[in-house]
Amino acid sequence: MAPVQLENHQLVPPGGSGSGGPASAPAPPPPGAAVAAAAAAAASPGYRLSTLIEFLLHRAYSELMVLTDLLPRKSDVERKIEIVQFASRTRQLFVRLLALVKWANNAGKVEKCAMISSFLDQQAILFVDTADRLASLARDALVHARLPSFAIPYAIDVLTTGSYPRLPTCIRDKIIPPDPITKIEKQATLHQLNQILRHRLVTTDLPPQLANLTVGMCLEYIFKELTC
């Protein structure tokens with residue numbers, strides 16, 4: 001498997017960006033370059049975890065191949081130093097990868113915690129804004145505010161008479177039934193009905209059903225209906 005490198009968020013061969021020229025031997029990467037590239041890849045929003053793992057494996061393989069080419073030309077002490085440095089860099093890189101994999105397993109919980117934290121931050125902002133608005137209202141709008149005049153006449157009526165005579169009459173008419181009519185009012189009403197009936201009998205033609213009735217019988221019937 002040919003090693004690849006990460007350039008401009010794309011996986012490309014180490015010899016170039018896809019050109020047809022001959023591939024030269026890759027130079028050994030500086031210490032921490034692989035870790036920085038892995039961190040940049042992890043921070044990129046468009047990378048998949050499988051792509052990142054594949055890139056780190058290719059990076060470690062590329063460094064190992066470069067190390068095998070360079071070690072025969074160095075002394076024993078230098079070879080040991082290069083091997084220790086390579087092992088340290090690779091271990092640090094894969095430790096970070098392991099932490100990233102463990103974090104990915106709990107990404108759902110982390111996302112929920114982030115949503116809760118964002119909600120609490122929004123609530124805190126709303127509380128602060130509400131407090132600021134209330135303080136501004138107390139300083140500006142409520143400075144000249146006054147209480148309304150108290151209903152002193154109504155209170156005097158309730159305390160002295162035990163009643164409240166200032167209610168609208170429409171409420172009283174709907175709740176309290178009207179007083180019954182007196183005998184004098186009944187007689188006056190019957191007198192008016194008598195006059196109306198006499199006028200109708202004189203000015204209109206009676207139907208055949210009323211030919212045998214008299215005015216006295218009608219008035220007696222009406223009086224019974226009114227007094228029941």
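Helices (H or I, at least four residues) and strands (E, at least two) are DSSP runs, numbered from the N terminus. This is a predicted model, in which local features need pLDDT of at least 70 and side-chain atom pairs count only at pLDDT 80 or more, while totals for chains, interfaces and linings use all residues. Residues are numbered from 1 along each chain as its sequence is written, and side-chain values use heavy atoms, with hydrogens and water left out.

**Exercise 1. List the elements of the chain in order from the N terminus.**

Solution. Start with the tally: the chain has eight helices and two strands. Now walk along from the N terminus, and the order reads β-β-α-α-α-α-α-α-α-α.

**Exercise 2. Find where confidence in the chain is lowest and where it is highest.**

Solution. First, the term: pLDDT is the predictor's confidence in each residue, from 0 to 100. Next, the overall picture: the chain averages a pLDDT of 75, and 71% of the residues score at least 70. Then compare elements: strand 2 (residues 10–12) has the lowest confidence, a mean of 42, and helix 4 (residues 107–140) has the highest, at 91. Finally, look at residues 1–39, where pLDDT stays under 50. Here the model has 51 contacts beyond four places in sequence, a contact being heavy atoms within 4.5 Å. Some care helps: where pLDDT is low, the predicted coordinates should not be read in detail.

**Exercise 3. Check the length of helix 3 against the expected span.**

Solution. Helix 3 covers residues 76–105, which is 30 residues. The expected span of a helix is 1.5 Å times one less than its number of residues. For helix 3 that gives 44 Å, and the end C-alpha atoms are 43 Å apart, so the two agree.

**Exercise 4. Name the buried residues of helix 3 and the members of the largest nonpolar core.**

Solution. Buried means under 20% relative accessible area, exposed over 50%, and partly exposed in between (1.4 Å probe, protein chains only). Across the chain, 13% of the 228 residues are buried. In helix 3 these are Phe86, Arg89, Thr90, Leu93 and Leu97.

A nonpolar core is a set of buried Ala, Val, Leu, Ile, Met, Phe, Trp, Tyr and Cys residues joined through side-chain atoms within 4.5 Å. The largest one has five residues: Leu52, Phe55, Leu56, Leu93 and Leu97. Helix 2 and helix 3 are the elements that give two or more residues to this core, and helix 2 gives the most, with three.

**Exercise 5. Work through salt bridges in helices 2, 3 and 4, and say how exposed their partners are.**

Solution. A salt bridge is a side-chain nitrogen of Lys or Arg within 4 Å of a carboxyl oxygen of Asp or Glu. The whole structure holds five of them.

- Helix 2 (residues 49–70): Arg59 and Glu63 pair at 3.8 Å, N to O. Being four residues apart, Arg59 and Glu63 are separated by about one helical turn. Both are buried.
- Helix 3: Asp76 bridges to Lys80, with the closest N and O atoms 3.3 Å apart. Asp76 is partly exposed at 40% relative accessible area, whereas Lys80 is exposed at 52%.
- Helix 4: Arg133 and Asp129 meet at 3.0 Å, N to O. Both lie in helix 4, four residues apart, about one turn. Arg133 is exposed at 60% relative accessible area, and Asp129 is partly exposed at 34%.

As a last step, look for shared partners: salt bridges join Asp76, Arg79 and Lys80 into one network.
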